[in-house]
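Got the model open in your viewer? Let's walk through it one selection at a time.

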Amino acid sequence: MPTLTVNGKSYSVDVPEQMPLLWVLRDVIGLTGTKYGCGVEICGACTVWIDGSAEKSCHLEVKEVVGKQITTIEGLSPNRSHAVQLAWIAEQVPQCGYCQSGMLMQAAKLLRESPKPTDAQIDSAMENICACGTYPRIKAAIKRAAGIV
């Protein structure tokens, strides 16, 4: 039975080792903030951090993450006060909101690596897809979170 460390807590999960991490997070552990989008690692709605790296969880098999630190949107901040979460609210980024947890995880990773990102760095890092087209507000929120607006 694989044991996973998610948001600092240990979970022993009775699942096949090939099960995608996304389904373990959502259906077994009950952390539904991470969303299913395209299912082929393109849209990024399922983005989580694995040992601090932003990874798409829809195709990542559970056996690949045993012994690693997994962080979901629920673990980004205990009280939803992470700078990107506050900036997302201030810039009113979400429309349908479906892609937003993956976007937030990707943006938070960008700001950890580049605290004052350029437009080019933001464009390069934010490869997630938003069907509503909120990209200008996403960029504004990242700049707000970085304190460069």
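**Stop one: the strands**

Start by selecting strand E3 and strand E5 (residues 69–71), which pair in the antiparallel sense over two bridges. Keep in mind that this is a predicted model. Now pick Trp49 and look across to E5: the residue standing opposite is Thr71.

Next, add strand E4 (residues 53–56), which runs antiparallel to E3 and is joined to E3 by four bridges. Click on Val48 and you'll find Glu55 of E4 standing opposite. Then zoom in on the hairpin of E3 and E4, where two residues sit between the strands. Asp51 in this hairpin takes a positive phi near 50°.

Before you leave, show the side chains of E3, which covers residues 47–50. Which way do they point? Thr47 and Trp49 go one way, Val48 and Ile50 go the other, and all are buried. In a regular strand, side chains alternate between the two faces of the sheet.

**Stop two: the largest nonpolar core**

Select Leu76, Val84, Trp88, Met103, Met126, Ile138 and Ile142. Of the 24 residues in the largest nonpolar core, these touch the most other members. Colour by helix and you'll see that H2 (73–76), H3 (83–90), H4 (100–113), H5 (119–125) and H6 (135–146) each supply at least two residues of this core. H4 gives the largest share, with seven residues.

Centre on Met103 now. What does Met103 touch, leaving out residues up to four places away in sequence? The list is Trp88, Met126, Asn128, Ile129, Cys130, Tyr135 and Ile138.

There is also a second, separate core of 15 residues. To find this second core, select some of its members, including Val6, Val13, Ile50 and Val62. You've met Ile50 already, as one of the buried residues of E3.

**Stop three: the largest pocket**

Last, turn on a surface and select Ile73, Glu74, Ser77, Pro78, Arg80, Gln85, Trp88, Ile89, Pro94, Gln100 and Leu104, which line the largest pocket. H2, H3 and H4 are the elements that give two or more residues to this lining. Which of the elements gives the most to the lining? That's H3, with three residues.

The space in this pocket comes to about 290 Å³. Colour the lining by class and you get six nonpolar, three polar and two charged residues. Finish on Trp88: this residue lines the pocket and is also among the core residues that touch the most other members.

Conventions:
Residues numbered from 1 in each chain as written. Predicted model: local features only at pLDDT ≥ 70, side-chain atom pairs only at ≥ 80, totals over all residues. Heavy atoms only, no water. Core = buried A, V, L, I, M, F, W, Y, C linked by side-chain atoms within 4.5 Å. Buried < 20%, exposed > 50% of the residue type's maximum accessible area, 1.4 Å probe, protein only. Contact = heavy atoms within 4.5 Å. Pairing = 2+ DSSP bridges. 1 Å grid on protein atoms, 1.4 Å probe; cavity = no way out; pocket = protein on both sides within 12 Å on 5 of 7 lines; lining within 4 Å. Points joined across faces, edges and corners; volume = space filled by probe spheres on them. Nonpolar A, V, L, I, M, F, W, Y, C, P; charged D, E, K, R; others polar.
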